[in-house]
Amino acid sequence: MKTSLFFSLLTSAALLGACSKDKTTDPVPQPTPAPAVEQGYVRIVNNLAVPPNSSVTAGPIRLLVAGNEVGPTAAVGAAAPYQAVAVGSPAVQIMLPYTSGTGYVQLNALPVAKDKHYSLFTWNVGTFHTAKAVEDPVVPAAAAGKAYIRIVNITAQATPVRIEEAGAAAPLYSEVSWGAVTGYQAVDARAYALNVSRTNGTQARLFTQTVALASGKAYALVLRGSTDASAAPSERAAFDVVVDE
């Protein structure tokens with residue numbers, strides 16, 4: 001009897017072991033990772049030169065992409081930080097500071113490519129407002145004692161210009177055509193008193209402006225405003241000195 005009981009217990013243990021080995025655990029399903037969203041980067045630059053009695057005031061502008069407000073505002077003469085935008089051709093609105101109601105500049109389809117950076121330079125011709133979309137170059141590597149500048153000529157009138165420092169042997173730019181965006185040029189990091197003259201018509205000097213350039217920085221010198229001699233002070237041609245990132 002003891003022997004039979006012993007073999008009966010062994011058999012039961014073996015059967016339990018077999019059942020335990022046959023039991024399998026179903027794998028836990030893992031969530032499918034969402035595909036990465038490819039992005040480019042867009043910023044607005046406020047280069048409005050407001051004429052007197054305009055319905056647009058001298059104030060900040062705002063960026064809307066596909067109907068949604070994106071990022072902080074851009075103050076007068078300055079750029080807002082770049083904002084990440086999905087790759088594609090979204091509709092873009094730049095909301096203007098109207099005295100009453102709303103007004104904006106519309107870009108129906110802004111081409112945005114992966115990892116590219118774009119500036120929307122927002123300017124005016126009298127009471128007409130528009131924006132120039134520019135694919136920004138890569139900012140050069142910082143160099144001690146040097147700054148980098150590029151020129152964006154978006155004056156209200158089609159005016160090519162010469163840009164020079166008084167007493168210099170040669171101009172920084174012998175001519176920058178209207179609507180042009182130059183590449184970067186390395187210059188010594190210091191203050192410059194820049195003379196800006198038209199290179200068409202009377203060849204007259206338009207203005208002189210002191211611009212301070214810091215070591216290791218890159219700048220867009222945005223030439224905006226009216227080159228008409230009768231323009232009101234608030235809308236006369238001048239540089240907006242914008243730091244590039």
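## A guided tour of the predicted model

In β14, Y192 finds its bridge partner in V211. Select these two residues as the starting point of the tour; the model displayed is a predicted one. Y192 belongs to strand β13 (residues 191-198), which runs antiparallel to β14 and is joined to it by 7 bridges.

**The four-stranded sheet**

Next, extend the selection to the sheet around this pair. An open sheet of 4 strands appears, in the order β11-β10-β13-β14, with antiparallel pairing. Its edge strands, each pairing on one side only, are β11 (173-176) and β14 (205-212). On average, neighbouring strands of this sheet are turned by 25 degrees against each other, with direction ignored.

Remain in this region and select P171, in the loop between β10 (161-165) and β11. Is P171 buried, partly exposed or exposed? With a relative accessible area of 34%, P171 is partly exposed. Leaving aside residues up to four places away in sequence, P171 touches R162, I163 and E164. A distance drawn from the C-alpha atom of P171 to that of L194 should read 9.6 Å, for two residues 23 apart along the chain.

**The whole protein**

Zoom out at this point to view the complete chain. The secondary structure comprises 1 helix and 16 strands. Of the 245 residues in the protein, 40% are buried. The exposed surface amounts to about 13300 Å², and carbon and sulfur atoms supply 56% of it. Among contacts between residues at least 6 apart in sequence, 62% join residues at least 24 apart.

**Strand β15 and its two partners**

Now select residues 218-225, strand β15. 8 of the 8 residues of β15 are buried, so this strand is largely enclosed by the rest of the structure. Which strand pairs with β15 in the parallel sense? Strand β9 (residues 146-155) does so, over 8 bridges. To see one position of this pairing, display I149, whose bridge partner in β15 is Y219.

Strand β16 (residues 238-244) also pairs with β15, here in the antiparallel sense and over 7 bridges. The residue to display for this pairing is A220, which stands opposite V242 in β16. When inspecting such strands, it is useful to recall that side chains in a regular strand alternate between the two faces of the sheet.

**N153 in strand β9**

Return to strand β9 and select N153, which lies within it. N153 counts as buried because its relative accessibility is 0%. Display its side chain together with that of T155: the two side chains make a polar contact at 3.3 Å. The side chain of N153 also reaches the backbone oxygen of V176, at 3.2 Å. Beyond residues up to four places away in sequence, N153 touches a set of residues that includes T159, P160, V161, V176, W178 and L223.

**The nonpolar cores**

Select V42, I44, L63, I94, L107 and L120 next. These residues touch the most other members of the largest nonpolar core, which holds 22 residues. The elements giving two or more residues to this core are β1 (39-46), β2, β5 (92-96), β6 and β7. Which element provides the largest share? That share, 3 residues, comes from β5.

A second, separate core of 20 residues includes A147, I151, Y192 and L223. Two of these residues have already appeared on the tour: Y192 as the bridge partner of V211, and L223 among the residues that N153 touches.

To examine the surroundings of one member of the largest core, centre the view on V42. Not counting residues up to four places away in sequence, V42 touches L63, P81, Y82, Q83, V85, L110, V112, Y118 and L120.

**Two loop residues with positive phi**

The tour ends with two backbone positions. Select A66, in the loop between β2 (62-65) and β3 (68-69). A66 has a positive phi of about 50 degrees although it is not a glycine. Is A66 buried or exposed? A66 is exposed, its relative accessible area being 56%.

Finally, move to D115, in the loop between β6 (103-107) and β7 (117-125). D115, a residue other than glycine, likewise has a positive phi, with a value near 65 degrees.

How values were computed
Residues are numbered from 1 along each chain as its sequence is written. This is a predicted model: local features need pLDDT of at least 70, side-chain atom pairs count only at pLDDT 80 or more; totals for chains, interfaces and linings use all residues. Side-chain values use heavy atoms; hydrogens and water are left out. Buried means under 20% relative accessible area, exposed over 50%, partly exposed in between (1.4 Å probe, protein chains only). Two strands pair if DSSP finds at least two bridges between them. A nonpolar core is a set of buried Ala, Val, Leu, Ile, Met, Phe, Trp, Tyr and Cys residues joined through side-chain atoms within 4.5 Å. Contact means heavy atoms within 4.5 Å. Axes are lines fitted to C-alpha atoms, for helices over the stretch in contact, and angles run from 0 to 180 degrees between N-to-C directions. Accessible areas come from the Shrake-Rupley method with a 1.4 Å probe; for residues, only the protein chains shown count as cover. A polar contact is a pair of N or O atoms within 3.5 Å; within protein, one must be able to donate a hydrogen and the other to accept it, and residues adjacent in sequence count only if both atoms are side-chain atoms.
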